[in-house]
Amino acid sequence: MLLGCAALWGGSYLVSKITMTAIPPQWMMTMRTAGACLVMLVLFHRTIIPSLNRSMILPAIFVGGTYWGTMVLQTKGLLTIDPGRSAFLTAVYCVLTPFASWCVSRNRPHNVNIIAGVICLVGVGFVALKPGGLSLSLSLGDILTVGCAIVFSFNLTYLGVYSKKFNAIAITFAQFAVAAILFFVGALFTEPAPDASWLEPKIIVSFLYLFLGATTLAQIMQNIGLAHVSASSASIVMCTESLFSEFFSVVFWGTQLRLTTLIGFAFIFLAVLMSILRRSIIVNAVRCMEDWAIDHVKH
């Protein structure tokens with residue numbers, strides 16, 4: 001279930017790029033988030049409606065506003081960069097979340113998180129290397145996507161804080177509802193109005209994939225998977241999302257990969273793994289390597 005969820009999310013980068021050939025980013029996200037709200041109301045209205053009160057207004061603004069910022073930056077960036085590149089740069093949020101938590105909750109990150117941050121920075125540096133030279137160059141799409149990762153780290157932090165104080169389903173609904181309003185307002189003032197191109201078969205199929213597959217079905221699969229697998233193991237499986245995205249990008253979008261880009265992706269993926277693995281696992285791995293080195297020297 002979790003691997004299928006990661007594959008669905010990985011494919012969403014490519015499908016979003018196809019969808020945005022006709023539907024502008026904020027209109028697309030308006031329909032996705034509003035649709036998610038409707039589905040949640042149908043399934044969980046007995047939980048959601050009683051939980052909506054004045055005390056949830058400010059949390060809803062924080063989680064909804066940061067989710068809106070995350071998706072605007074990601075979709076705008078995706079217009080100009082390949083789907084796989086977008087997925088790997090977005091995955092930087094895994095490394096940044098402990099630092100966002102430090103800002104919000106004053107929970108100092110572990111040394112492992114700091115090391116992962118440095119490794120991730122090296123990975124982004126390799127991704128930014130210009131072909132045939134050693135100079136660095138991040139495109140506007142790259143910068144927007146890294147910005148998306150930064151804002152998303154705060155979104156996850158706020159969700160973690162408020163999910164402990166409010167019903168998790170209700171706060172998720174509030175997030176989508178606030179974001180849907182912001183997307184709609186943004187679309188009205190900054191993007192072209194809907195037209196007939198939205199009704200092309202490939203666009204409809206692509207949007208149905210995003211709405212039913214990458215949003216509804218993926219969330220259900222994630223919840224079922226988390227009921228049978230530990231959170232740390234689930235995180236490792238689900239971070240393969242970026243690998244699936246790169247695979248789909250190469251096969252279906254014709255993305256050409258340079259060696260420096262692959263090295264950068266490897267560093268970013270390593271940093272993500274270090275960030276989601278429990279500290280004890282990494283410490284035990286280091287101790288095992290130390291024991292092996294000592295035994296090797298003795299013999």
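Which helices each supply at least two residues of the lining of the second largest pocket? In this predicted model, they are helix 5 (93–105) and helix 6 (111–128). The space in the second largest pocket amounts to about 180 Å³. Its lining is made up of Val 92, Val 95, Leu 96, Phe 99, Ile 114, Gly 117, Val 118, Cys 120, Leu 121, Val 124 and Val 146. Helix 6 provides six residues, the largest share of this lining. Sorted by class, ten of the lining residues are nonpolar and one is polar, while none is charged.

The second largest pocket belongs to a helical protein: 13 helices and zero strands are assigned. Read from the N terminus, the order of elements is α-α-α-α-α-α-α-α-α-α-α-α-α. The protein has 299 residues, of which 47% are buried. Of the contacts between residues at least 6 apart in sequence, 87% connect residues at least 24 apart.

Several individual residues illustrate such long-range pairings. Tyr 93 is located in helix 5. Its C-alpha atom lies 8.9 Å from that of Phe 154, a residue 61 positions away in sequence. With residues up to four places away in sequence left out, Tyr 93 touches Ala 149, Phe 152, Ser 153 and Leu 156. Thr 97 is also part of helix 5. The relative accessible area of Thr 97 is 19%, and this residue is therefore buried under the 20% cut-off. Beyond residues up to four places away in sequence, Thr 97 touches Ser 153, Leu 156 and Thr 157. Ser 153 and Leu 156 thus appear in the contact list of Tyr 93 and again in that of Thr 97. Thr 97 and Ser 275 are separated by 178 residues along the chain, with 8.9 Å between their C-alpha atoms.

Gly 147 is found in helix 7 (residues 140–163). With a relative accessible area of 18%, Gly 147 is buried. The C-alpha atoms of Gly 147 and Val 92 are 9.9 Å apart, and the two residues are 55 apart in sequence. Val 92 is one of the residues lining the second largest pocket, as is Val 146.

Toward the N terminus, Met 20 occupies the loop between helix 1 (2–19) and helix 2 (25–51). Although placed in a loop, Met 20 is buried, its relative accessible area being 9%. Apart from neighbours within four places in sequence, the contacts of Met 20 are Pro 25, Met 28, Thr 75, Leu 78 and Leu 79. One of these contacts, Thr 75, is 55 residues from Met 20 in sequence, at a C-alpha to C-alpha distance of 8.6 Å.

Aromatic side chains were examined next. The count of aromatic pairs is 13. In the pair formed by Tyr 67 and Phe 176, the ring centres are 5.6 Å apart and the planes meet at 75°, so the arrangement is edge-to-face, for which the planes must be over 60 degrees apart. This pair connects distant parts of the chain, since Tyr 67 sits in helix 3 (residues 57–78) and Phe 176 in helix 8 (residues 168–190), 109 residues apart. Both Tyr 67 and Phe 176 are buried. A single aromatic cluster is formed by Phe 244, Phe 247, Phe 248 and Phe 252.

Cysteines were considered last. Zero disulfides are found in a search of the whole structure. Cys 37 has a relative accessibility of 9% and is classed as buried. Cys 120 is likewise buried, at a relative accessible area of 3%. Cys 120 is also among the residues that line the second largest pocket.

Methods
Residues numbered from 1 in each chain as written. Predicted model: local features only at pLDDT ≥ 70, side-chain atom pairs only at ≥ 80, totals over all residues. Heavy atoms only, no water. 1 Å grid on protein atoms, 1.4 Å probe; cavity = no way out; pocket = protein on both sides within 12 Å on 5 of 7 lines; lining within 4 Å. Points joined across faces, edges and corners; volume = space filled by probe spheres on them. Helix = DSSP H or I, 4+ residues; strand = E, 2+ residues; numbered from the N terminus. Nonpolar A, V, L, I, M, F, W, Y, C, P; charged D, E, K, R; others polar. Disulfide = S-S within 2.5 Å. Buried < 20%, exposed > 50% of the residue type's maximum accessible area, 1.4 Å probe, protein only. Contact = heavy atoms within 4.5 Å. Phe/Tyr/Trp six-rings, centres within 6.5 Å; stacked < 30°, edge-to-face > 60°.
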